Structures are given as C-alpha cells and as structure tokens.
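Please look at the model below before reading on. The paragraphs after it lead from the meeting of the chains to the packing of individual helices.

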Amino acid sequence: MTSTLTDRYVAAVLRTVPGTRRPDIERELRASVADAVDDLVAAEHDPQDAEIRALSALGDPVRLAAQYTDRPLYLIGPGLYLDYVRVVGVLLATVAPLLAVGVGILRHLDGAGPGDVLTSAALGACAGGIVVVGWVTLAFVVAERSPGLRARRARPWSPASLPQLPGTRVDVPELLGGLAFLVLGTCLLVVFQVFSPVRDAGGDPVGVLQPALWDSGAPVLVLLFALARTAFDVVGYTVGWTTAHAVANTVLSVLFVPAVVWLVLTGRLLNDEFFRIVGWPHATAVPGVLTSVLVVLVVLVGARDTVDGFRRARRTSRRHRSEPLPPPSTRRSTSTGEMS
Amino acid sequence: MIDDDVLSTHLQELRRGTVVLASLLLLRRPGYGYALLEELARTGLAVDANTLYPLLRRLEKQGLLTSEWSTDEPRPRKFYRTSVDGAALAETLRREWADLSTAFATLEDGS
C-alpha cells in the first residue's frame, strides 16, 4: 500500500522522459524518495504521512521531468517573444483588411445586402485574424523547441532600428488628410446621389452614378476598400510600413482598379440621364473625353498608390538596416523631400 | 518594512548559483543526492530537492561531475564526484565569490 503513491509519482515523472534515460532516473528517484521517507519515519512520522511529505517536497512530477529534460515550461520564451509579437502585428494588419475586402466582394457577388456584406466582412476579418494568430503561435512554439532554429535567429538589435518618432513615418498631415478626404468624399457622393439638384421631368433627383449600380450595393464595397486602406495607413503610422503592407496594398489596387475601369468602359458607372439633363449628352460615350479621363485617373491613382506603398516599405527597411542615423539637420530635409 | 515576497525574491536572486559552487565543493568526496540535500540544508544552503536532483544531472552532462552506481548497500545509490573540470570551476567560482566579497567590503568602507 505504501508503495502505490511513489509508484504513481515515478511513473508520472518518467512519462515525459526519453526512454534511454528512464532506468537511471527511476533508480535514483526511488532511492532519493526512500531515503527521505526513512528519515521522516526515523523522526517519528507515520510511514504513510512520511511518503506524502517526501513526494510533496518534490512537487509536480511533470515539472520535475521538465527540469530533468531541460524542456521549457512556457510556449514562447523571452528570446523569441518580441519577434512573435512583431510578426503577429504585421500579419494581422495586412491579412485582416484584405480578408474583409475579399469576403465583402464574395458576399456582394452572392447578392447580399449592404448590412450583410459589412457584417460578413467584419466576421471574415476576425476569423482570419484568429487563424493567423493560431498558425504564427504554432510556428513560434515549434521554433522555441528547435535549438537549430533558435540559434539562427536575428542579428543583434542596434540603435539604427529604432522606430522614427511619430510624424516622420506616415506623416500626420498625410494620414489626417487621407481620412478627411475619405469622409468628405463619401458624404458628397451620398448627398449628391440622393439629393441631387439635377431633377428629371417628374422632379425626382437624378444622381451622377448609375441607379442600377447604386442599388446593387456596390458602394458598400467601395466603403470596404476605403476602410481597408485607412487601416493600412493607421497601422503604417503606428508601427511602420513593411513590405507585407506594400504587397497587401497592391492586392487591394489590383482588385479595385480593373473593376472601376470595367464599370466605366461598359457604361455601368455613370448615369446617362444625368448628363443628358445637364446638357452633355455624349459624356458617357466610350471612347469619350470624360470616360478616358476617368480611366486614366483611376489607373494613375492606383499605380501611384502601389508604388508609394513599396517606397514607404523601402524607406522603413532602409532605416531598420545598419546605417547610422543622419544628423538632425539633414534628416529634416530628407523627410521633407520624402513627403512630396 | 520590506514586503516578504520582495525580500524572498531578492534573496533567491542572490543565492542563485551558490548551489552549484556548494555542490562542487561538497562532492570532492563522493556523495548521493539525498545525502547532499541534507548536508546543504545543515550548512545553511538549503535547496529544494526538485532543483538539486536535476542540477546534479546537468552538471554531470557538462562533465563537471562524474557518477557511479554503488550497489554494495541494500539500496543502490548513484554517487556523484567532482571531476577535474568541476574542481577547476569550483576554484574559479570561489575566487569570484572572494572578489565580490572584497568589492562589497570596499563599498561599505567607502560610505
């Protein structure tokens, strides 16, 4: 009866110890426990009580086994933790907006209403975020337990990799300007479409966009794109713009630009009636002045945005590399130059 | 009044590492885990059993201790003994300890 507890304890320790080391550890552990029990019994303890005391002093068997085998008792240790947080941050900031847009488009193509599209987009982004965090965590847990992978990690930290002070990354005016433009633009578009001063014969307002397009809920998709773009900008402002952001940003442009161009070229974007009433009946013709200007404008904005993303990423990574910080005066002039 | 938790944390930090030196010194004469545990406790260097036993194996793996099973007694025991490398390390650690002690003495005189 007295041996059961010790047997169970030893078995629990050995369960997580490699087979080759088991016999040796078992013999020594049993001898140590027996010695402790003997001592306690000699000090006039009841044998059963002595065994309980001896085992209690050794503590949780799994913890003891971990110490025997040098196994870490944490998922991600201090050596990798900061890298882990950075990777999760960058991936979340890029994957979640892309997923929101992607899911939104799919739901829209399924014929869902605006509310449904927005909800699905938000849920898609959340689900994607959870999956991303899960996989990155798993990868880092594996790396933590692979000495080879841990040894290969990262060059030592240097002051050159210090993040810029706020205002020199994505510039504050650029960030606020982008947000203001977005809000104003959306309001103007909605107000103009719904309360347009241009009236038809019956006195109803005639918007500049095709009513069919408006009713289809496509503006919700535009809103999604705008929100994703804003998310990128805010993240770029707070943690710095990375290549991952630039790639995600490009994906957004690739999704957005051809779609708008297609709408313009097939006459699905602009409302013919609107232009007829304002006295420019052939404005929506393809090829035509207005449609050509629109297409060129959209393509240019998309291209500029894409190039801009990569330029920002390169600027960030250049700062992260070893070059010493330039003296304050030259730095000021460079950052002004970069703002253009 | 210092908080008990704070106090014990600081004491623990200061004592960390002394177990290695004490074990290397004590095991110049062969000894087994439980006997070493008791002896450390008697000399005022008390350490937990679940710290000491894995530590002995780690030191053995690093070549600082050698081990041998003694089957003469009814209860077979693993006897550890400080190796030549272990003795050298003990000497280095002891000198370090003495240097630290001198440094603290200087600090106190200076104030």
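What follows begins with the interface and then turns to chain B.

This is a predicted model, in which local features need pLDDT of at least 70 and side-chain atom pairs count only at pLDDT 80 or more, while totals for chains, interfaces and linings use all residues. Residues are numbered from 1 along each chain as its sequence is written, and chains are lettered from A in the order in which they are written.

Between the chains, 14 residues of chain A are in contact with eleven residues of chain B, contact meaning that C-beta atoms, placed from the backbone, lie within 7 Å. On the side of chain A that touches chain B, two or more residues each come from helices H2 (22-42), H3 (47-58) and H4 (61-69) of chain A, and H2(A) gives the most, with seven. Helices here are DSSP runs of H or I with at least four residues, and strands are E runs of at least two, numbered from the N terminus.

H2(A) also meets a helix of chain B, since the buried residues of H3(B) pack against H2 of chain A together with H2 (18-26), E1 (31-32), H4 (49-61) and E3 (77-82) of chain B. In H3(B), residues 33-42, the buried residues are B:Gly33, B:Tyr34, B:Leu36 and B:Leu37, where buried means 20 or more other C-beta atoms within 10 Å of the residue's own, these atoms being placed from the backbone. Seen down the helix axis, they fall within an arc of 160 degrees, so they line one face of H3(B); the arc is that of the directions from the axis to the C-beta atoms. After H3(B) comes B:Gly44, with a positive phi near 85 degrees.

Terms used: Two residues are in contact if their C-beta atoms, placed from the backbone, lie within 7 Å. A residue is buried if 20 or more other C-beta atoms lie within 10 Å of its own, exposed if 12 or fewer, and partly exposed in between; C-beta atoms are placed from the backbone.
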